[in-house]
Amino acid sequence: MANKLGATLFPILPQQPTGIARLAAEAEHADDGHLIEFKMLKVRSILNKSVSKRQLSLAYSINPYRGCEFGCKYCYARYTHEFMAPKVPAETSAEVTNNAIDMRDPLAFERMIFLKQNAAWLLEQELKKIDPADEVALGTATDPYQPIERRARITRSLLEVFARKEGYRLGIVTKSRLIERDIDLLVQVARRNTLVVHVTITTPDAALARLLEPRAPRPDLRFQAVKRLREAGIVAGVFGSPLLPGITDNEEALDGMARRAAAVGASFFAAHPLFLKPCSRPTYLSFVREHFPALQADYAKRFATADFAGREYRERLAKMVDGACRRYGLGKRSSDALLTRNEEGGGKRPMQSAGTAARQQRLFA
């Protein structure tokens, strides 16, 4: 009661942030990049229990970084920075945001990146408390191999922990060729655990990719990363999501992606429709308005009352993806939730090195 009265009677007094907002406020400067600031973030946990309306099968997720440098126009995780914004009275919000990055601004997600401290130590403790049969996803909201990882090496430290474990199920999602640096560790992880790597490639068109994902590696370099992972005997495939209405959601585009995936020996190919959360709409629709103005009306209609694609559209795309996988002998994924579990049925067996364990060999069998 006293706190409520104080806030009412003395509105000019600064309100202290709590929770993740307090940790963000206390984060210390760690590094700088082009238009980007990096800060060290103290965290109490590195494994996040997954709760999703999308009914993902994964049980836990790990994001070594909060925020992402790649700046993908369709990114659905931009809203996560809002939780780090201090709660301030409306009268003082302008003053506060003028003196610091406004965490409610969608662009803050790619301009203020937080590096999670003591991640490997936390993972070591927390893996003891979970069922190894539960899926763990590395890189769901932010890319674990964004450029700062080259220096910070947080993701590598996490893989070092998994390399000492046995029987866990780990799925990795990335757009970066930097994952090639850790092939030695990935091979060790795969020997005693179930490991599947998803390399996201939304389009083979380098010019379009630069507009969509301005600071991510070129598509050809990502295909090359899949090839190197496969040559090392690691189960790795191409994740073509999101499929963009009127841009990449057609037979020709999907066939081209699957053909290229097969050419580098990918274990599987998967692709799912774009969904637009409120936090990503301004950024993505601005991209459409600037580069595909003829599609504005279609997008306005599609996402007028829903964030996700309709059932009929989803089923039509699923059939196209399935057809492309069959044509090129690629394994398929029934949903983006299946990070380490193959869809029932066929698909090409992934090439395996002699050192990989039997559980790896059964994937996509």
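These exercises walk through a predicted model, each with a worked solution.

**Exercise 1. The sheet**

Find the order of the strands in the open sheet of 8 strands, and explain why one side of strand 3 and of strand 12 is left without a neighbour.

Solution.
- Start with the order. The strands run 3-4-7-8-9-10-11-12, and the pairing is mixed.
- Go to the edges. Strand 3 (48-49) and strand 12 (331-332) stand there, each with a single partner strand, so one side of each has no neighbour in the sheet.
- Step in from strand 3. Strand 3 and strand 4 run antiparallel and are joined by 2 bridges. Across this pair, N48 stands opposite S61 in strand 4.
- Take the next pair. Strand 4 and strand 7 are parallel, over 3 bridges. Here I62 faces L138 in strand 7.
- Move on to strand 8 (residues 169-174). Strand 7 pairs with strand 8 in the parallel sense over 4 bridges. E135 stands opposite R169 in strand 8.

**Exercise 2. Two faces of a strand**

Sort the residues of strand 7 (residues 135-138) by the way they point, and decide whether they are buried or exposed.

Solution.
- Recall the general pattern. In a regular strand, side chains alternate between the two faces of the sheet.
- Apply the sorting to strand 7. E135 and A137 point one way. V136 and L138 point the other way.
- Now check burial. All of these residues are buried.

**Exercise 3. The nonpolar cores**

Identify the residues with the most contacts inside the largest nonpolar core, then trace the contacts of I172.

Solution.
- The largest nonpolar core has 69 residues. I172 and F269 have the most contacts inside it.
- Leave aside neighbours within four places in sequence. I172 then contacts L138, P144, Y145, L159, I179, L186, L195, V196, V197 and H198.
- Look for a separate core. Another one lies apart, with 20 residues, among them L212, L244, L295 and F303.
- Return to one partner of I172, namely L195. L195 sits in strand 9. Its relative accessible area is 0%, so L195 is buried.
- Compare chain and space. L195 and I172 are 23 residues apart along the chain, and their C-alpha atoms are separated by 7.9 Å.

**Exercise 4. Surroundings of T200**

Decide whether T200 is buried or exposed, and list what T200 touches.

Solution.
- Place the residue. T200 belongs to strand 9.
- Read the accessibility. The value is 6%; buried means under 20%, so T200 counts as buried.
- List the contacts, not counting residues up to four places away in sequence. T200 touches V173, T174, K175, R222, F239 and S241.
- Add the helix over this region. Helix 10 (residues 219-231) lies across strand 9 (194-200) and strand 10 (236-239). Helix 10 runs at about 160 degrees to strand 10.

**Exercise 5. Helix packing**

Describe what the buried residues of helix 5 pack against, and how helix 11 packs with helix 14.

Solution.
- Take helix 5 (residues 119-127). Its buried residues are A119, L122, L123, E124, E126 and L127.
- Those residues pack against strand 4 (60-62), strand 6 (112-116) and helix 7 (154-163).
- Turn to helix 11 and helix 14 (residues 311-328). They pack at an angle of about 35 degrees, with axes 9 Å apart. Their crossing is right-handed.
- Name the contact residues. Helix 11 brings E251, L254, D255, A258, R259 and A262; helix 14 brings M320, V321, A324, R327 and Y328.
- Classify them. The contact of helix 11 with helix 14 has 7 nonpolar, no polar and 4 charged residues.

**Exercise 6. Backbone details in loops**

Find the cis peptide bond, then say where N118 and R153 are found.

Solution.
- The cis bond joins S241 and P242, with omega about 0 degrees. P242 lies in the loop between strand 10 and helix 11 (251-263).
- N118 has a positive phi, near 55 degrees, and is not a glycine. N118 lies in the loop between strand 6 and helix 5. At 58% relative accessibility, N118 counts as exposed.
- R153 is not a glycine either, and has a positive phi of about 60 degrees. R153 lies in the loop between helix 6 (149-152) and helix 7. With a relative accessible area of 41%, R153 is partly exposed.

Definitions and conventions: Residues are numbered from 1 along each chain as its sequence is written. This is a predicted model: local features need pLDDT of at least 70, side-chain atom pairs count only at pLDDT 80 or more; totals for chains, interfaces and linings use all residues. Side-chain values use heavy atoms; hydrogens and water are left out. Buried means under 20% relative accessible area, exposed over 50%, partly exposed in between (1.4 Å probe, protein chains only). Contact means heavy atoms within 4.5 Å. Two strands pair if DSSP finds at least two bridges between them. A nonpolar core is a set of buried Ala, Val, Leu, Ile, Met, Phe, Trp, Tyr and Cys residues joined through side-chain atoms within 4.5 Å. Axes are lines fitted to C-alpha atoms, for helices over the stretch in contact, and angles run from 0 to 180 degrees between N-to-C directions. A crossing is left-handed if the near helix is turned anticlockwise from the far one by less than a right angle, and right-handed if clockwise. Ala, Val, Leu, Ile, Met, Phe, Trp, Tyr, Cys and Pro count as nonpolar, Asp, Glu, Lys and Arg as charged, and the others, Gly among them, as polar.
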